[in-house]
Amino acid sequence: MRFPNYFADAEKGFKDSKYVLFGVPYDETGSFRRGTKKAPHEIRQASWNFEPYDLLTGVDLRDVRLHDYGDLEIGAGDDPSRMKKEVKGFVHRILDNKKVPIAIGGEHTITVPIVGAFAEAEEDFVVVALDAHLDFKDVYENNPESHACVIRRLSEILGVENIAILGVRSGTREEFKEGEKSGLLYVNSFEMKQNGVKWAVKRVLQRFSGRKIYLTLDVDVIDPAYAPGVSTPEPFGISQFDVLECIKAFASHAVGMDIVEVCPPYDKGETSLLAAKIIRFAIGELWKHNP
Ligand code: MN
Ligand code: MN
């Protein structure tokens with residue numbers, strides 16, 4: 001079965017929209033397994049499974065001013081400069097028009113130019129990441145643009161003190177050491193299990209009280225039992241319910257978000273389905289605060 005190639009209920013044109021979805025099918029530095037470039041398409045297809053009305057948010061997505069721009073033209077090959085230029089330029093266009101970007105990756109590297117555009121637009125904001133990995137390596141496999149270096153690159157853009165990561169459970173000893181030394185706030189998945197997700201988000205909100213938040217959701221933060229189709233699965237993750245709690249907690253401050261690292265070749269569609277549902281929930285939740 002084939003459905004239209006846009007996100008279900010994203011029926012508005014760019015001009016009439018408040019929320020702009022776009023895909024970035026970039027998949028070049030994946031260290032364990034490839035296929036994230038298929039995610040925007042598969043997530044869009046999966047979105048047609050759902051009713052427009054969302055029980056949890058009480059929002060009918062047909063009421064949301066939502067546009068799906070489609071995928072950006074990022075070219076092929078492992079040189080990320082074209083991707084970075086396209087993404088940054090498009091996010092500038094969204095921000096110039098006072099709209100909210102919602103990006104679908106692709107690998108986590110796509111977050112760097114998005115945050116770069118926010119920084120250039122001189123927004124005072126912080127980044128909250130949900131990720132199994134610390135992503136704080138300076139270089140990985142000789143590549144500073146690797147998806148394993150995303151948080152490090154972001155820290156160079158907006159300062160390590162303006163970033164928090166929830167759900168972490170993987171990184172090298174050096175990464176954790178350097179992260180701690182430089183003041184990176186992270187909460188690991190074991191602490192979250194022990195103390196609860198509300199405790200974890202409270203730590204983040206206390207640190208960033210009242211500031212705007214860009215949310216980057218690396219889907220591998222979710223346990224592979226629920227989200228097996230990711231590039232670098234890591235057991236002992238948080239649950240899909242925890243992700244909803246996080247989105248709910250940060251939504252009133254959110255200025256944009258992305259959802260990355262879904263890798264459709266490695267499951268039977270479960271992870272794309274989950275990602276599509278999370279996006280629908282997130283849009284509803286954001287829209288309630290910022291229609
Ligand atoms: Mn990541
Ligand atoms: Mn990750």
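**Metal site and nonpolar cores**

Along the sequence, the residues that donate to the manganese ion (ligand 1) follow the spacing H-x22-D-x3-D-x82-D. This is a predicted model, in which local features need pLDDT of at least 70 and side-chain atom pairs count only at pLDDT 80 or more, while totals for chains, interfaces and linings use all residues. Residues are numbered from 1 along each chain as its sequence is written, chains are lettered from A and ligands numbered from 1 in the order in which they are written, and side-chain values use heavy atoms, with hydrogens and water left out.

So who holds the metal? The manganese ion (ligand 1) is coordinated at 2.1 to 2.2 Å by His108 through ND1 and by Asp131, Asp135 and Asp218 through OD. Donors here are N, O and S atoms within 2.8 Å of the metal (3.2 Å for Na, K and Ca); water is not among the atoms, so sites may look incomplete. Aspartate 131 does double duty, bridging ligand 1 and a second manganese ion (ligand 2), with 3.3 Å between the two ions. Aspartate 131 counts as buried, at 0% relative accessibility, and aspartate 218 is buried too, at 2% (buried means under 20% relative accessible area, with a 1.4 Å probe and protein chains only).

Then there is the greasy part. The largest nonpolar core (buried Ala, Val, Leu, Ile, Met, Phe, Trp, Tyr and Cys residues joined through side-chain atoms within 4.5 Å) has 55 residues, and Ile43, Leu166, Val243, Phe250 and Ile279 have the most contacts inside it. Another core, of 39 residues, lies apart from it and includes Ile74, Ile110, Phe136 and Val168.

Definitions and conventions: Buried means under 20% relative accessible area, exposed over 50%, partly exposed in between (1.4 Å probe, protein chains only).
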